[in-house]
Amino acid sequence: MKKLIILLTLSIIFANACSSKNNKENQETTTESQKSLHDFIVKDIDGKDFDLSTLKGKKVLIVNVASKCGLTPQYEQLEALYQKYKDNNFTILGFPSDNFKGQEFDSNEEIKSFCTLNYGVIFPIMSRVDVIGEKQIPLFRWLTHQSENGKMDIEVQWNFQKFMIDENGELIDFLSPRELPDTQKLIDWIESK
């Protein structure tokens with residue numbers, strides 16, 4: 001009987017040790033598998049690879065943009081923000097999308113021309129993508145799903161939603177489409193150390 005009790009006790013201790021080890025391994029796997037902005041490669045407006053790891057050490061504002069939207073004049077404020085802070089480890093990435101009421105041109109060439117001629121945009125514009133739905137690109141899946149970004153679930157509500165990413169590539173916060181690029185919340189974040 002004594003041997004049986006000892007065997008049961010050892011079995012329980014061993015089972016607990018294995019369970020604890022598995023839980024620790026699962027936590028490490030979750031942490032290690034958590035992506036950052038710097039893990040993605042996207043296409044720029046000219047169809048070339050843009051490795052987002054090149055933005056390490058910079059705050060990044062990601063904006064889904066559209067050329068034929070009532071909010072399109074935000075391009076002007078976005079460009080002014082970019083000009084003011086581009087030399088202070090800050091950049092903006094525009095992602096044209098036609099997901100909301102067909103408000104974007106069909107070709108990257110038309111988008112590039114529109115942005116340059118009408119708003120003098122020189123901040124980086126990427127190729128046209130889907131920011132919602134079944135064809136949502138992996139970057140926007142990461143931006144909008146807590147299971148991917150480790151921070152929060154965010155619905156892309158409309159064109160010109162703004163995602164704030166810190167120098168380490170971590171999602172910090174977002175601004176709704178109608179919040180203007182010169183809002184104090186955004187300025188304070190850019191200027192914070």
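Here are legends for several close-up views of a predicted model.

**View 1. The whole protein, as a starting point.**
Before zooming in, it helps to get the parts in order. The protein has six helices and six strands, and along the sequence they follow the pattern α-β-β-β-α-β-α-α-α-β-β-α. Of its 193 residues, 41% are buried. Take contacts between residues at least 6 apart in sequence: 64% of them join residues at least 24 apart.

**View 2. The four-stranded open sheet and its strand order.**
Which strands form this open sheet, and in what order? Four strands take part, running β4-β3-β5-β6, and their pairing is mixed. The edges are β4 (90-96) and β6 (171-175), each of which pairs on one side only. With direction ignored, neighbouring strands of the sheet are turned by 20 degrees against each other on average. Helix α2 (residues 74-85) packs on the sheet, where it touches β3, β4 and β5 (162-165). The direction of α2 makes about 155 degrees with that of β4.

**View 3. Strand β3 and its parallel partner β4.**
Strand β3 (residues 59-65) pairs with β4 in the parallel sense, and seven bridges link the two. For one of these pairings, look at I62, whose bridge partner in β4 is L93. Is β3 mostly covered or uncovered? It is mostly covered, with seven of its seven residues buried. The covering applies to both faces of β3. K59, L61, V63 and V65 lie on one side, while V60, I62 and N64 lie on the other, and all are buried.

**View 4. The β5 and β6 hairpin.**
On to the other pairing style in the sheet: β5 and β6 pair in the antiparallel sense over four bridges. Here F163 has F174 of β6 as its bridge partner. The two strands form a hairpin, with five residues between them. Within the turn, G169 has a positive phi of about 85 degrees.

**View 5. K58 and the residues it touches.**
K58 sits in the loop between β2 (49-51) and β3. Why does K58 count as partly exposed? Its relative accessibility is 26%, and partly exposed residues are those between the buried limit of 20% and the exposed limit of 50%. Leaving aside residues up to four places away in sequence, K58 touches N89, F90, I165, D166 and E167. A useful distance to check on screen is the one from K58 to N88: these residues are 30 apart in sequence, and their C-alpha atoms are 8.2 Å apart in space.

**View 6. Positive phi at N89 and K101.**
Most residues other than glycine have a negative phi. Where in the chain do N89 and K101 lie? N89 is in the loop between α2 and β4, and K101 is in the loop between β4 and α3. The phi of N89 is near 55 degrees, a positive value in a residue other than glycine. K101 also has a positive phi, near 60 degrees, and again the residue is not glycine. N89 counts as partly exposed because its relative accessibility is 47%, whereas K101 is exposed, with a relative accessible area of 69%.

**View 7. The largest pocket and its lining.**
Rolling a probe the size of a water molecule over the atoms shows where empty space is left. In the largest pocket, that space comes to about 200 Å³. The pocket is lined by 13 residues, and those closest to its centre are I45, I122, F123, P124 and I125. Which helix gives the largest share of the lining? That is α3 (residues 108-119), with three residues. Sorted by class, the lining has nine nonpolar residues, one polar residue and three charged residues.

**View 8. The second largest pocket.**
About 160 Å³ of space lies in this pocket. Its lining consists of G57, K59, Y85, N88, N89, E167, I190, E191, S192 and K193. How many lining residues fall into each class? Two are nonpolar, four are polar and four are charged. Some of these names will be familiar from earlier views: N89 and E167, which line this pocket, are also among the residues that K58 touches.

Definitions and conventions. Residues numbered from 1 in each chain as written. Predicted model: local features only at pLDDT ≥ 70, side-chain atom pairs only at ≥ 80, totals over all residues. Heavy atoms only, no water. 1 Å grid on protein atoms, 1.4 Å probe; cavity = no way out; pocket = protein on both sides within 12 Å on 5 of 7 lines; lining within 4 Å. Points joined across faces, edges and corners; volume = space filled by probe spheres on them. Nonpolar A, V, L, I, M, F, W, Y, C, P; charged D, E, K, R; others polar. Pairing = 2+ DSSP bridges. Axes fitted to C-alpha atoms, helices over the stretch in contact; angles between N-to-C directions. Contact = heavy atoms within 4.5 Å. Buried < 20%, exposed > 50% of the residue type's maximum accessible area, 1.4 Å probe, protein only.
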